[in-house]
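Open the model in your viewer and keep the sequence panel at hand. We will go from one selection to the next, with a short look at what is there each time.

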Amino acid sequence: MKILTWNCSMRFRDKIDHVLPMKADILVIPECESPEKWKGKNEEKGIHQFIWEGDNPNKGIGIFNMNDAIQIRVHPSYNKLFRYIVPLEVSGKENFILFAVWSQLAKTKYESYIGQIFHAINYYEELLEKPCFIVGDWNSNKVFDHIKRVGNHTTVVKLLQAAEIESGYHFFFNEEHGIETKPTHYFWRKKERLFHLDYIFASRAFLNRMKHFEVGSFEEWIKLSDHMPVMAEFV
């Protein structure tokens, strides 16, 4: 099973062909347009299901099921107050919870971005007890811990570690948060303005089955987006 996330910087319908060769089973795509914008083009791309959440039809979060052996549905406990952290039920050969993430500004700076994720993981505490993934553009890193939030990056990481959920990147490459060697975001698309903001967190049972993890390169992807695709493969 392969899971991929990529903040596509809008118009994913014109960019999906760049990720299809990676053969991911599930795509979590922040800054994706609504299904209405595709005008049926999604039916030509082997998409089994297309779930979308957002307020702006040009820019929400898309979840794509590319494998007809699995089914995805929005979990009935979904609370739209946390933008955007969408809990989904995935069923098939194995069942698990998938949180699709594109963290946003809130009404206050104190509760924005990682603050939204902090609120969500507390609200969905019972779902975290199930096998799960938390995937997407967090807009967060330990280097921003100095910004006063209701819960900072380190706090969230520790809460998830207590639930035996960790970042696939850090697990695979044996790196610490805040000193990542492979950036996922280039601010203003400048190579010197590099950050690691996009994640695939997973329950320990999945991490122990992780076969491969990759982050796209600046040279290959920067013309398409300021974010790089991130993909994990599990056996």
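**First stop: His153**

Select His153: with a relative accessibility of 1%, His153 counts as buried, since the cut-off for buried is under 20%. Keep in mind as you go that this is a predicted model. His153 belongs to helix α2. Now show side chains and look for His177, whose side chain makes a polar contact of 3.2 Å with the side chain of His153. Apart from its neighbours within four places in sequence, His153 touches Ile114, Trp138, Ser140, Asn141, Lys142, Asp145, His177 and Tyr199.

**Second stop: helix α1 and its partner**

One of the contacts of His153 is Ile114, so let that residue lead you to helix α1, residues 114-123. How many of the residues of α1 are buried? Colour by accessibility and you will find 7 of the 10, so the helix is largely enclosed by the rest of the structure. The buried ones are Ile114, Gly115, Gln116, Ile117, Phe118, Ala120 and Ile121. They pack against β6 (85-91), β7 (96-102) and α2 (153-162).

Next, show α1 and α2 together. Two packed helices are described by the angle between their axes and the distance between the axes. Here the axes come within 9 Å and cross at roughly 25 degrees. The two helices are therefore roughly parallel to each other, as angles under 35 degrees count that way. The crossing of α1 past α2 is left-handed.

To see the interface itself, select Ile114, Ile117, Phe118, Ile121 and Asn122 in α1, which meet His153, Thr155, Val156, Leu159 and Leu160 in α2. An α-helix has 3.6 residues a turn, so residues three or four places apart point the same way.

**Third stop: an open sheet**

Switch to a cartoon view and find the sheet of 6 strands, which is open and runs in the order β3-β4-β2-β1-β14-β13, with mixed pairing. At its edges are β3 and β13 (210-215), each of which pairs on one side only. From one strand to the next, the twist averages 10 degrees.

Zoom in on strand β4, residues 59-65. Is β4 largely enclosed or largely open? Largely enclosed by the rest of the structure, because 6 of its 7 residues are buried. Strands of a sheet pair through backbone hydrogen bonds, either parallel or antiparallel. On one side, β2 (residues 26-32) pairs with β4 in the antiparallel sense over 6 bridges. Pick out two of the matched positions: Val28 has Ile63 as its bridge partner, and Pro30 stands opposite Ile61.

Strand β3 (residues 49-56) also runs antiparallel to β4, joined to it by 6 bridges. Here, select Trp52 and look across to Gly62 in β4. Then follow the chain from β3 to β4 through a hairpin of 2 residues.

**Last stop: His185**

Finish with another histidine, His185, in strand β10 (residues 185-186). Its relative accessible area is 7%, so His185 is buried. Which side chain does the side chain of His185 join in a polar contact? Select His227, where the contact is 3.2 Å. Then turn to Asp226, whose backbone oxygen lies 3.3 Å from a polar atom of the His185 side chain. Beyond its neighbours within four places in sequence, the contacts of His185 are Arg193, Leu194, Phe195, Leu197, Asp198, Asp226 and His227.

Conventions: Residues are numbered from 1 along each chain as its sequence is written. This is a predicted model: local features need pLDDT of at least 70, side-chain atom pairs count only at pLDDT 80 or more; totals for chains, interfaces and linings use all residues. Side-chain values use heavy atoms; hydrogens and water are left out. Helices (H or I, at least four residues) and strands (E, at least two) are DSSP runs, numbered from the N terminus. Buried means under 20% relative accessible area, exposed over 50%, partly exposed in between (1.4 Å probe, protein chains only). A polar contact is a pair of N or O atoms within 3.5 Å; within protein, one must be able to donate a hydrogen and the other to accept it, and residues adjacent in sequence count only if both atoms are side-chain atoms. Contact means heavy atoms within 4.5 Å. Two strands pair if DSSP finds at least two bridges between them. Axes are lines fitted to C-alpha atoms, for helices over the stretch in contact, and angles run from 0 to 180 degrees between N-to-C directions. Angles under 35 degrees count as roughly parallel, over 145 as roughly antiparallel, 65 to 115 as roughly perpendicular and the rest as oblique. A crossing is left-handed if the near helix is turned anticlockwise from the far one by less than a right angle, and right-handed if clockwise.
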